[in-house]
Amino acid sequence: MTGSPFDHPFLSGLVSDDEIAAYFSAEADIRAMLSFEAALAKAEAAHGFIPGEAARKIIDTCAAFSPDVASLRSATARDGVVVPDLVNQLRAAVGAEAAQNLHLGATSQDVIDTSLMIRLKAVVFLFAGRLSEIVSGLDALDRKFGHNRLMGHTRMQAAIPITVADRLDAWRGPLATYRDRLTEQSFPLQFGGAAGTLDKLGPQGPAIRASLAQELGLTDTKHWQSARLPIADIAGLFTSISGSLGKMGQDIALLAEAGGEIEIAGGGTSSAMSHKQNPVAAEVLVSLARFNATVLSGIHQSLVHEQERSGAAWTLEWLLLPQMTMATAASLRLAAELIGNIKRLGTV
């Protein structure tokens, strides 16, 4: 038994996504945090801020390092963040000479936020590909059934006849927009040091930050440690994606309820009525859309990020954003499956 349906022993079969879940594993987070430390050492050595030999030792150690996860867990309970213990373990591994040059000028938030951006960049790339797949599936339905008739409905009442193409256009248009927005989405490096001023790096701070961003494939921008718009923006986009897919799911569920205008393969069975094929995927798309719409308000609460760093607002993001990402992933997976299972749409 778990506290989340996204990794529940059997509910995860309905609402999870193994490919995306891997990016929110402890292993993936640690790998990304180690990438930050290695890239920071490389950038600082390139600008003569730390010795080259120390940087090479840090880079090599980060590549092979496997932390004591039990220690990380107990230390996080004490410190509120994982980074102090991770850095202490790394310092012991790199040895005394390089240890003083590890994590130099950085703070825990730099490591954690940048790890998130590294992983979200990969996730968003996959999401854009899935949206393209869904749009292609809708295009295929349009070619096959676009000229068929549907009864248009307004305010849950029969209105006037429309074509299948009309309905498909309403589903497809927003998805193409989201795909383009995902492709254009920027993922900023977070690097500000203790209070966002890069105080330990002096005048070399901006140049080191630019090199670090380039090394990690992220956007070089001024620190955003207390201005959480990058998180709110991506959460809002995820909510819009799941919302539009939820609209599609609701429409398909209503078509299935009315009967006659849609035929779907692979419906869910009933324990009491063997004749039924329940539109499970369509229903779950609606649930996931409503879930993300609800949780988004919590992400917006984290914009109230007091002074130079808020432990409370930051922790709220950790509770909410991974689940929003998983809900969006499940929405994309289910939508593609649902479209592929439509055998007939509309009437001739």
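## The largest pocket

About 650 Å³ of space lies in the largest pocket of this structure, which is a predicted model. Four helices each give two or more residues to the lining of this pocket, namely helix 3 (26-46), helix 5 (69-79), helix 8 (108-145) and helix 13 (311-340). Of these elements, helix 13 supplies the largest share of the lining, with five residues.

The lining consists of 23 residues in total, and those that lie nearest the centre of the pocket are Asp-29, Met-33, Val-82, Arg-119 and Trp-318. When the lining of the largest pocket is sorted by class, 15 residues are nonpolar, three are polar and five are charged.

## Overall architecture

The protein contains 13 helices and four strands, and its C-alpha atoms fill a box of roughly 75 × 40 × 35 Å when the box is taken along the principal axes. Of the 348 residues that make up the protein, 48% count as buried. The surface that the protein exposes comes to about 16400 Å², and carbon and sulfur atoms supply 55% of that area.

The contacts within the protein can also be described by the sequence separation of the residues they join: among contacts between residues at least 6 apart in sequence, 76% join residues at least 24 apart.

## The hairpin of strands 1 and 2

Strand 1, which covers residues 149-154, pairs with strand 2, which covers residues 157-163, in the antiparallel sense, and the pairing runs over five bridges. One of the bridge partners can be named at the level of residues, in that Thr-154 has Gln-157 of strand 2 as its partner.

Two residues stand between the strands of this hairpin, and within the hairpin Arg-155 takes a positive phi near 50 degrees.

## Ser-244 in helix 11

Ser-244 has its place in helix 11, the element that spans residues 229-258. Is Ser-244 buried or exposed? With a relative accessible area of 15%, Ser-244 is buried, because buried means a relative accessible area under 20%.

If the neighbours of Ser-244 within four places in sequence are left aside, the residues with which Ser-244 is in contact are Pro-174, Leu-175 and Tyr-178. The description of Ser-244 thus joins a position in helix 11 with a buried state and with contacts to these three residues, Pro-174, Leu-175 and Tyr-178.

Definitions and conventions
Residues numbered from 1 in each chain as written. Predicted model: local features only at pLDDT ≥ 70, side-chain atom pairs only at ≥ 80, totals over all residues. Heavy atoms only, no water. Buried < 20%, exposed > 50% of the residue type's maximum accessible area, 1.4 Å probe, protein only. Contact = heavy atoms within 4.5 Å. 1 Å grid on protein atoms, 1.4 Å probe; cavity = no way out; pocket = protein on both sides within 12 Å on 5 of 7 lines; lining within 4 Å. Points joined across faces, edges and corners; volume = space filled by probe spheres on them. Nonpolar A, V, L, I, M, F, W, Y, C, P; charged D, E, K, R; others polar. Areas by Shrake-Rupley, 256 points an atom, 1.4 Å probe, with all protein chains shown as cover. Pairing = 2+ DSSP bridges.
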